Amino acid sequence: MTKIRAAGAVLTACLMAACTPGRTAAPGPSPAPERTTVSGSSPAPGRTATPGAAASPRATGRVAAAPEWKAAPVPELEGSAALVDVAVAGPEDVWAVGYQASAEDREGSPAVVRWDGARWRETPVQGHGLHHVEGVSASGPDDVWIVGNGEVPVAVRWDGRRWAGERPFGVARDYRLTDVAATGDRTWFTATGPSETVVLERRGGEFRNFFQTAGTFAAVTARGEHVWAVGHDGSGPLAWHGTTGGLWETMETPRIPGGRLNRVWAVSPSDVWAVGEIATGPEDVYGNREAEPLVLHWDGSGWRRSQVPVARGSLHGLTAFGAGDVWASGVDADHSGQPLLLHFDGTRWSARYGPLLRAREEDQQYEVSDDVGRTGITRVPGTGTVWVVGSVGWGDNESGFVLRR
């Protein structure tokens, strides 16, 4: 199974402050036949750890890349850097986030870049105390939110002209913001702490603790009056559903020891997908664990596991154009040097691969220096365009990549 970098997460009961106002990737070879399977159910020092796929040297061997997935221009970032999430604010308005100037002994600084249809431009986020940006979401060009963590968690909004930062938990240091979902009139956040995990709502310029429970929320999505938050509870996948009226219910998931969910996407209230991995082994020296991909689907009556044609790996990104056009991104540990791109056509999942991003070298700095780490994916509504961002390498030998279909 692939190795995943375990993510730590914490939250305390104190919520008083919450209520106050690069490099171009090398091209890959010719395409390979798709591997498919039928979707169905069956009986998840000083820097943020993220899921990755650090497999054996043979696992990074090249597999034919899908020709429709092209290496796109990569933004100029400083030093060791990674892109971890991506969002679309308009047809030619794409935001990607992560970190740069990072190393094993240095936190680094936020990386926030914007594609204007021709090139990436960095949009500096200074003066807010951020080290790493964990997530980005946009409801339009003048409503883009990023969340990240430094000495304290920080949420920052782009209003079309400038950034304005807020600290939902005040000066408390034992919190982490993990994700954000912007809808225009409301913005939703997931956060974690020492004893609980929480969903925050921001409306009318104020934050409020909308819901909290035991476990760890890693991702949130919202559609209409419905909100979904997913993660894990220490023993298996965790999924909750809420409404803007404040009613929350646990959504029982299949019993999957070691399962965790990293991303969630709602096509409709009765068509919701979540992806992650199932840890199957102990951590190695890089903080990684053997794992297999996990995909769950909510059909309006229950969550069921959906089988994918990859035996070893992890999934980090999720997006959809509709019920018959769903995409997930991650890493196949048997080809861990290339981004994994899974597609659901309404009946079954098929696997595609991006180009080999970095050739393995005998004297490379780390065993995982040629492996893909975390990935993010998003679609451009009204088009067939899909963007993927991510990182390759580890420690002070890490760089971001961008693919586009």
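Two strands are taken as paired if DSSP finds at least two bridges between them. In the predicted model, this criterion is met by strand β5, residues 93-102, and β6, which are joined by seven bridges and run antiparallel. Within this pairing, Gly98 of the chain stands opposite Ala111 in β6. The two strands form a hairpin, with six residues between β5 and β6. Gly108 lies in the turn of that hairpin and has a positive phi of about 90 degrees.

A positive phi also occurs within strand β5. Ala101 is placed in this strand, and its phi is near 50 degrees, a positive value in a residue other than glycine. The relative accessibility of Ala101 is 13%. Because the cut-off for a buried residue is under 20% relative accessible area, Ala101 counts as buried.

Strand β6 spans residues 109-115 and is mostly covered, with five of its seven residues buried. Besides its pairing with β5, β6 pairs with strand β7, residues 120-122, in the antiparallel sense over three bridges. Arg114 has Arg121 in β7 as its bridge partner. A hairpin is formed by β6 and β7 as well, here with four residues between the strands. In its turn, Gly117 has a positive phi of about 100 degrees.

Another part of the chain contributes to an open sheet of four strands, in the order β3-β30-β29-β28 and with antiparallel pairing. Strands β3 (70-71) and β28 (372-379) stand at the edges of this sheet; each has a single partner strand, so one side of each is left without a neighbour in the sheet. Strand β29 covers residues 386-394 and strand β30 covers residues 397-404. These two strands run antiparallel and are joined by eight bridges. One of the residue pairs involved is formed by Trp387 and its bridge partner in β30, Arg404.

Over the whole chain, the secondary structure consists of 30 strands and zero helices. The chain has 405 residues, of which 61% count as buried. The area exposed by the chain is about 15,300 Å². Carbon and sulfur atoms supply 49% of this exposed area.

Conventions
Residues numbered from 1 in each chain as written. Predicted model: local features only at pLDDT ≥ 70, side-chain atom pairs only at ≥ 80, totals over all residues. Heavy atoms only, no water. Buried < 20%, exposed > 50% of the residue type's maximum accessible area, 1.4 Å probe, protein only. Areas by Shrake-Rupley, 256 points an atom, 1.4 Å probe, with all protein chains shown as cover.
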